[in-house]
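Subject: Handover of a structure and findings

Dear colleague,

I am passing a structure on to you, together with an account of what was found in it. Please have the sequence and the structure open while you read.

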Amino acid sequence: MGRRRKRPRRLKGSPVTLCDLCAMVLPADEAVRAYVPDSSAAHPTHDWFDGLRLLTACGEPHLERLREEYRRRPFVQEELWAAKIGQVLADGPPSLTLVQLACLTGLHEPEIRRAVAWRNRRRQEPRRERPEP
Ligand SMILES: [Zn+2]
């Protein structure tokens, strides 16, 4: 996920955004938005948004299709923990002790171990789409 996503500047002055489904450029205030549960979404600064993804769409029909996609996606707790760990590792020093990692992610050590195990299991099954834990 690009942190440095470039904003298209077609509409001068007013902020624009993209539809998550069709990538249409539209004025930010005309976009429709909704939060959906998504275990791959860890918020960089606000823990209380963890597991929630903000969808942006060009209109209700596309928002509904996006909602439907996320409704079918399984919510895997370990995936969310892994996302939080990934964020900390991407932002901070490259090597951390388990205690430091626990401190920075707000996770308990057993959760970190489960998240790492989940990620390793997933790596070993690259061809399977979203394996169940
Ligand atoms: Zn759209």
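The notes below go through the findings site by site.

Please bear in mind from the outset that this is a predicted model.

**The zinc site**

A zinc ion is held by four residues: Cys19, Cys22 and Cys58, each through its SG atom, and His62 through ND1. The coordinating distances run from 2.0 to 2.3 Å. The arrangement of the donors is tetrahedral, because the angles that the four donor atoms subtend around the zinc ion are 96 to 118°, and four donors count as tetrahedral if all angles lie between 85 and 135 degrees. For orientation, the ideal angle for four tetrahedral donors is 109.5 degrees.

Along the sequence, the donor residues follow the spacing C-x2-C-x35-C-x3-H. Cys19 and His62 link distant parts of the chain, being 43 residues apart. Cys19 belongs to the loop between strand S1 (16-18) and strand S2 (25-27), whereas His62 is part of helix H1 (residues 60-72). Cys19 has a relative accessible area of 3% and is therefore buried.

**The aromatic residues**

The search of the whole structure for aromatic pairs returned two. One of them joins Tyr35 and Phe49, whose rings are stacked, at 5.4 Å centre to centre and with 15° between the planes. Tyr35 sits in strand S3 (residues 32-37) and Phe49 in the loop between S3 and strand S4 (52-57), so this pair ties together parts that are 14 residues apart in sequence. Both residues are partly exposed: the relative accessible area is 43% for Tyr35 and 23% for Phe49.

Phe49 also pairs with Trp48 in a tilted arrangement, with 6.3 Å centre to centre and 40° between the planes. Trp48 itself is exposed, since its relative accessible area is 63%. Tyr35, Trp48 and Phe49 form one aromatic cluster.

Tyr35 has a part in a further feature. Together with Leu52 and Leu54, Tyr35 makes a nonpolar surface patch of about 260 Å².

**Salt bridges**

Side chains of opposite charge can pair when their charged atoms come close. How many salt bridges does the structure hold? The count is twelve, and several of them deserve your attention in helix H1.

Glu64 meets Arg67 in a salt bridge with an N to O distance of 3.0 Å. Arg67 and Glu64 are three residues apart in helix H1, so about one helical turn separates them. Glu64 also meets Arg71 in a salt bridge, here at 3.3 Å, N to O. Arg71 forms another salt bridge with Glu68, where the closest N and O atoms are 2.6 Å apart. Glu68 and Arg71 likewise both lie in helix H1, three residues apart, or about one turn of the helix.

The accessibility of these four residues is as follows:

- Glu64 is partly exposed, at a relative accessible area of 34%.
- Arg67 is partly exposed, at 25% relative accessible area.
- Glu68 is partly exposed, its relative accessible area being 31%.
- Arg71 is exposed, because its relative accessible area of 52% is over the 50% that the term requires.

There is also a network of salt bridges, which links Asp38, Arg53, Arg73, Glu79 and Arg122.

**Leu80 in helix H2**

One last residue to point out is Leu80, which is found in helix H2 (residues 77-91). Is Leu80 buried or exposed? Leu80 is buried, because its relative accessible area is 7%. Leu80 and His43 are 37 residues apart in sequence, and their C-alpha atoms are 10.0 Å apart in space.

When you go through the model yourself, the zinc ion with Cys19, Cys22, Cys58 and His62 may serve as a starting point. From there you could turn to the cluster of Tyr35, Trp48 and Phe49, and then to the salt bridges of Arg71 with Glu64 and with Glu68.

With kind regards

Technical notes:
Residues numbered from 1 in each chain as written. Predicted model: local features only at pLDDT ≥ 70, side-chain atom pairs only at ≥ 80, totals over all residues. Heavy atoms only, no water. Donors = N, O, S within 2.8 Å, 3.2 Å for Na, K, Ca; no water. Tetrahedral: all angles 85-135°; square planar, octahedral: opposite > 155°, others 65-115°. Helix = DSSP H or I, 4+ residues; strand = E, 2+ residues; numbered from the N terminus. Buried < 20%, exposed > 50% of the residue type's maximum accessible area, 1.4 Å probe, protein only. Phe/Tyr/Trp six-rings, centres within 6.5 Å; stacked < 30°, edge-to-face > 60°. Patch = residues over 30% accessible without salt bridge, like charges linked within 9 Å, V, L, I, M, F, W, Y side chains within 5 Å. Areas by Shrake-Rupley, 256 points an atom, 1.4 Å probe, with all protein chains shown as cover. Salt bridge = Lys/Arg side-chain N within 4 Å of Asp/Glu carboxyl O.
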